[in-house]
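Hi everyone, thanks for coming. I'd like to walk you through a few side chains today, so please have a look at the screen with me.

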Amino acid sequence: MASKHNLRQKDVADAIKENYTHLLNRVVTYYQVQLKKTLNSSPSPPVSAPGTPPHKRTGTLGRSFVTTTASKIGNTYSLSLGTSVPYAKWLEYGADLPGGQPYFVLFGVPRFVSKNHRLADKLPKTKPSRLDARPFFVPTFTNADHRARVDREIAKVEGKIRRSLAAKVKAPS
């Protein structure tokens, strides 16, 4: 026999929306922190080996990751985690670099100069080359420990939703 209750559909929808929006915000912030830890874990030099996360040089890439707050539009939740640093995708997936960038070496370190610089035509230029991938984004999201943590967070939220709805259920009269 089916149990009867007096829960309104709106109460259920509100409990899910409130708790899952909070969950999504916590999860995206957690991954933002993990990305920053990955990118800041090894200083440069030396340069990272292909297939491993890039070593920290200036910290710009790690600092550049930002999130948006989760919002629900219709039946869809929207949020983002990303960077506007143009070389992030080159590091993640690898890239064919065209060459032709003017540079000079100061104390053993190459310094790149704008192609519009007044001395650019007198300086040596980089050669075309291949930058092998140094993935950091995909490995962070597919890391088993991170996935397990997110699964535990989901289970906590589901329990919280059940408890909040159970508190609203009144015994049928």
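Let's begin with Lys-10 and Asp-14, whose side chains form a salt bridge with N and O 2.7 Å apart. Both sit in helix H1 with their positions 4 residues apart, so about one helical turn separates them. Lys-10 is exposed at 51% relative accessible area, while Asp-14 is partly exposed at 36%.

A quick word on what you're looking at: this is a predicted model. The average pLDDT is 89, and 94% of the residues reach at least 70. Of the protein's elements, helix H3 has the highest mean, 95, and strand E2 the lowest, 82.

Back to the charges. In total there are 4 salt bridges. One of them pairs Arg-26 with Glu-153, at 2.3 Å from N to O. Arg-26 belongs to helix H1 and Glu-153 to helix H5, so this pair ties together parts 127 residues apart in sequence. Is Glu-153 buried or exposed? Its relative accessibility is 13%, which is under the 20% cut-off, so Glu-153 counts as buried. Arg-26, at 32%, is partly exposed.

Glu-153 also has a salt bridge to Lys-156, with the closest N and O atoms 3.6 Å apart. Those two are 3 residues apart in helix H5, about one turn. Through shared partners, Arg-26, Glu-153 and Lys-156 become one network. Lys-156 is exposed, at 53%.

One last stop: Ser-48, in the loop between helices H1 and H2. Ser-48 is buried, at 5% relative accessible area. Its side chain reaches the backbone oxygen of Pro-53 at 3.5 Å. Beyond its sequence neighbours within four places, Ser-48 has contacts including His-55 and Arg-134.

Terms used: Residues numbered from 1 in each chain as written. Predicted model: local features only at pLDDT ≥ 70, side-chain atom pairs only at ≥ 80, totals over all residues. Heavy atoms only, no water. Buried < 20%, exposed > 50% of the residue type's maximum accessible area, 1.4 Å probe, protein only. Polar contact = N/O pair within 3.5 Å; in protein donor to acceptor, adjacent residues only side chain to side chain. Contact = heavy atoms within 4.5 Å. pLDDT = per-residue confidence, 0-100.
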